[in-house]
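Visitor: I am new here and would like a short tour. Please tell me how each label is earned.

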Amino acid sequence: MPIALLLRRRLPVRASFLLVALTACGGKGAATPESTPVGMASAASSTPTVAGDQGTAVAPASSGASGSAAPHAPAPEPIASALPIDLGTKVPPFAHRAVSPNKVSIFARGAIPVPEGLVSQIDPTLPFFAWEQELPPRVVLTFPKHRGFDLYVLVFDGEVSIKGEDIAGKQKRLWRWNAGRVPGLGAMVESKEPTRAILVLVANSPGSSLGQAAAQGQKVGWTKRLAPVTSVEMDQQPDLAWGGGAYHARLGFEDGSASLGSLVASKSAPLTQHVHEHEWEMLAILSGDGTLVRTVGGREDDTQIAAGTFASIAPGVPHAYRPAGSSPLVAVQLYLPPGPEQRFKRLAAGGN
């Protein structure tokens with residue numbers, strides 16, 4: 001990364017993004033909220049939607065404007081727009097989590113390549129698998145080439161470099177609220193300091209599952225990457241705000257096998273029922289608490305969620321979020337395939 005950009009990234013950044021007041025403080029690439037907004041949830045399925053559980057598709061329900069208060073309900077309070085930088089010590093460990101040994105580099109292995117210890121947690125019928133990766137300084141996590149998978153990385157504390165011979169400049173550096181996309185795997189994730197990141201392995205063929213991607217036979221490698229490794233500074237993306245500043249989204253990747261962004265709502269801001277008819281949704285909840293409300297067969301299925309959990313929603317499942325009112329929500333959000341994230345642009349423009 002050019003020195004000028006690196007220096008700029010180490011300056012405090014102010015924006016108008018989160019749903020409660022946040023205290024700005026120094027750090028790489030972000031400003032700190034006055035009260036740390038963390039966590040978001042929208043989900044639905046017939047079983048608890050924690051980290052990779054498969055939702056049960058049902059007939060689409062009428063879709064309300066995502067993130068709008070119910071009629072006659074008090075308007076949710078606004079929140080300042082800045083992504084929090086102090087999550088490293090505040091987010092509890094995720095259930096799907098890999099901790100690299102100190103000074104010991106590791107490899108992602110298996111037909112579905114993930115760090116050792118996570119294989120038994122994978123549901124091969126799903127199109128993605130998400131986990132938290134914790135890396136001490138100067139440790140390398142290596143992913144073999146595989147034409148059936150893409151890797152998404154979002155750093156919420158620390159710094160890493162994604163390295164590979166075919167990567168422009170030989171590396172992509174990521175720090176807080178930076179995201180990287182690695183089509184076809186075949187790269188190393190090297191930590192520069194103690195790091196916590198959300199990693200998502202995605203089956204990149206439309207409609208395919210992890211198990212189907214893994215069953216491609218022996219010709220899983222590649223000689224030329226089908227798409228370049230790219231990175232994005234999430235906190236520098238446009239703030240898409242609506243609901244009087246009670247809701248905010250930033251979009252990082254909007255194309256490829258999946259979209260990836262952040263979604264924030266104030267502690268009093270619900271997300272009304274809506275449905276994605278053809279897309280999976282994955283959420284890594286970094287803070288906040290409330291209830292995921294899934295409507296299955298005409299019945300509500302409630303699941304309590306909190307910081308440090310993953311949630312997945314199958315296509316066609318109506319879902320909503322009811323906040324507990326104790327803390328704002330911030331989440332990393334992925335749609336597979338991309339598409340539903342475009343509604344945030346419409347909401348920010350005053351549409352539905």
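Visitor: What share of the contacts in the protein chain with a separation of 6 or more comes from residues 24 or more positions apart?

Guide: Such residues account for 80% of those contacts. Contact means heavy atoms within 4.5 Å. One caution: this is a predicted model, where local features need pLDDT of at least 70 and side-chain atom pairs count only at pLDDT 80 or more, while totals for chains, interfaces and linings use all residues. Residues are numbered from 1 along each chain as its sequence is written, and side-chain values use heavy atoms, with hydrogens and water left out.

Visitor: How many helices and strands does the protein chain have?

Guide: The protein chain has three helices and 20 strands. Both are DSSP runs, numbered from the N terminus: helices are H or I with at least four residues, strands are E with at least two.

Visitor: Why is histidine 146 called buried?

Guide: Buried means under 20% relative accessible area, exposed over 50%, and partly exposed in between, with a 1.4 Å probe and protein chains only. Histidine 146 has 5%, so it counts as buried. This residue lies in strand 5. Leaving out residues up to four places away in sequence, histidine 146 touches Ala111, Gly184, Leu185, Ala213, Ala214, Gln216, Val220 and Trp222. Across the protein chain, 57% of the 352 residues are buried.

Visitor: Why is strand 8 described as largely enclosed?

Guide: Strand 8 covers residues 178-191, and 13 of its 14 residues are buried, so the rest of the structure largely encloses it.

Visitor: What makes strand 5 and strand 8 a pair?

Guide: Two strands pair if DSSP finds at least two bridges between them. Strand 5 (residues 140-157) and strand 8 have 11 bridges and run antiparallel. Phenylalanine 143 has alanine 187 of strand 8 as its bridge partner. Strand 6 (residues 159-163) also pairs with strand 8 in the antiparallel sense, over four bridges. There, serine 161 stands opposite glutamate 190. Strand 10 (residues 230-233) is joined to strand 8 by four bridges, again antiparallel. Asparagine 178 has glutamate 233 of strand 10 as its bridge partner.

Visitor: What makes strand 11 and strand 18 edge strands?

Guide: Each pairs on one side only. They belong to an open sheet of six strands with antiparallel pairing, in the order 11-12-13-20-15-18. Inside that sheet, seven bridges join strand 15 (residues 280-287) to strand 20. Isoleucine 285 has alanine 331 of strand 20 as its bridge partner.

Visitor: Which strands form the open sheet of four?

Guide: The order is 14-19-16-17, with antiparallel pairing. Its edge strands are strand 14 (271-274) and strand 17 (299-306). Eight bridges join strand 16 (residues 289-296) to strand 17. One of the partnerships sets threonine 295 against glutamate 300 in strand 17.

Visitor: How many residues are in the largest nonpolar core, and what makes a set of residues a core?

Guide: A nonpolar core is a set of buried Ala, Val, Leu, Ile, Met, Phe, Trp, Tyr and Cys residues joined through side-chain atoms within 4.5 Å. The largest has 55 residues, and those with the most contacts inside it are Leu154, Trp177, Val200 and Phe344. Strand 20 (residues 329-336) gives the most to this core, with seven residues. A second, separate core has 33 residues, including Ala108, Val160, Leu201 and Ala214.

Visitor: Which residues does phenylalanine 344 contact?

Guide: Apart from neighbours within four places in sequence, phenylalanine 344 is in contact with Leu240, Trp242, Ala249, Leu251, Leu263, Gln333 and Tyr335.
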